[in-house]
Amino acid sequence: MTENQAPEPNFNVNVHGLINHPINLQYSDFIEGKLGEHLDVHPIVEQFHGNGTCVSALLDLVKPLPDCTHVVFHASDEFQATLPLGDLQDALLLFQQEEGIPLKKGFPVRLLVPNGSSECLNVKSVVEIDFVKHPLPEEEATFGFKNIVSAEQL
Ligand SMILES: Nc1nc2c(c(=O)[nH]1)N[C@H]1C(S)=C(S)[C@@H](COP(=O)(O)O)O[C@H]1N2
Ligand SMILES: [Mo]
């Protein structure tokens with residue numbers, strides 16, 4: 001267990017926006033169960049391996065405000081995905097590639113959207129999660145690089 005509890009340098013996911021409890025998520029928050037139970041993601045999304053937690057547990061923790069319609073997942077490379085709050089019920093946050101081992105690809109966490117409209121929604125290296133009120137409340141999930149290319153070009 002001790003190796004699991006070692007601090008993980010540079011692990012920081014800033015969760016903010018239209019929520020009651022903003023938080024800077026650390027590796028220890030995942031390890032210690034603050035984000036709920038750990039799931040082997042492979043049986044759920046077979047192209048992925050490792051341990052994840054349910055986004056629904058994050059929602060329980062931060063408590064989105066009634067105004068919130070969408071959640072924006074920002075990656076360290078300027079990639080981002082915007083999903084309706086209601087699309088996140090089955091989504092996962094992958095944080096270990098195997099038991100006790102943080103992600104090498106996608107560090108610190110990777111969003112996994114089982115049965116999502118696109119593979120492209122599986123955002124690697126999520127460093128910021130922003131809860132927003134979308135100008136179009138019915139807008140479906142979108143993704144792409146900020147102001148660089150449109151989603152259709154990916
Ligand atoms: N941070 C980040 N996440 C990303 C991307 C990206 O460019 N940057 N590309 C997306 C797209 S378009 C696809 S198809 C998948 C590719 O996942 P893979 O690298 O595991 O094959 O990652 C998604 N997540
Ligand atoms: Mo993609």
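This is a short tour of one structure, with a suggestion at each stop for what to select next. Keep in mind that you are looking at a predicted model.

**Stop 1: the ligand**

Start by selecting ligand 1 together with the residues around it: Ala 75, Asp 77, Phe 79, Lys 105, Arg 110, Glu 119, Cys 120, Asn 122, Val 123, Lys 124 and Phe 145. If you colour this shell by residue type, you will find five nonpolar residues, one polar and five charged.

Now pick out three of these neighbours in turn. Which atom of ligand 1 does the side chain of Asp 77 approach? Show Asp 77 as sticks, and you can follow one of its polar side-chain atoms to a nitrogen atom of ligand 1, 2.7 Å away. Next, turn on the backbone of Asn 122, where an N or O atom sits 3.0 Å from a nitrogen atom of the ligand. Then move to Lys 124, which places a polar side-chain atom 2.5 Å from an oxygen atom of ligand 1. With a surface switched on, how much of the ligand does the protein cover? On its own, ligand 1 has 530 Å² of accessible area, and the protein covers 71% of that.

**Stop 2: a group of rings**

Hide the ligand and select Phe 11, Tyr 27, Phe 30, Phe 95 and Phe 107, which ring pairs link into a cluster. The count of aromatic pairs comes to seven. Zoom in on Phe 11 and Phe 30: their ring centres are 5.7 Å apart and their planes meet at 70°, so this pair is edge-to-face, the term for planes over 60 degrees apart. Trace the chain between them and you will see that the pair links distant parts, 19 residues apart. Phe 11 belongs to the segment before strand E1 (13-17), whereas Phe 30 is in helix H1 (residues 27-31).

Are these two rings' residues buried or exposed? Phe 11 has a relative accessibility of 2% and counts as buried. Phe 30 is buried too, with a relative accessible area of 0%.

**Stop 3: strand E1 and its partners**

From Phe 11, step along to strand E1 (13-17). Add strand E2 (residues 23-25), which runs antiparallel to E1 and is joined to it by three bridges. To see one pairing, select Val 15 and its bridge partner in E2, Ile 23. The connection between E1 and E2 is a hairpin of five residues.

Finally, show strand E10 (residues 126-132), which pairs with E1 in the parallel sense over four bridges. Here, select Asn 14 and look across to Glu 128 in E10, which stands opposite.

Technical notes. Residues numbered from 1 in each chain as written. Chains lettered and ligands numbered in written order. Predicted model: local features only at pLDDT ≥ 70, side-chain atom pairs only at ≥ 80, totals over all residues. Heavy atoms only, no water. Near = heavy atom within 4 Å. Polar contact = N/O pair within 3.5 Å; in protein donor to acceptor, adjacent residues only side chain to side chain. Areas by Shrake-Rupley, 256 points an atom, 1.4 Å probe, with all protein chains shown as cover. Nonpolar A, V, L, I, M, F, W, Y, C, P; charged D, E, K, R; others polar. Phe/Tyr/Trp six-rings, centres within 6.5 Å; stacked < 30°, edge-to-face > 60°. Helix = DSSP H or I, 4+ residues; strand = E, 2+ residues; numbered from the N terminus. Buried < 20%, exposed > 50% of the residue type's maximum accessible area, 1.4 Å probe, protein only. Pairing = 2+ DSSP bridges.
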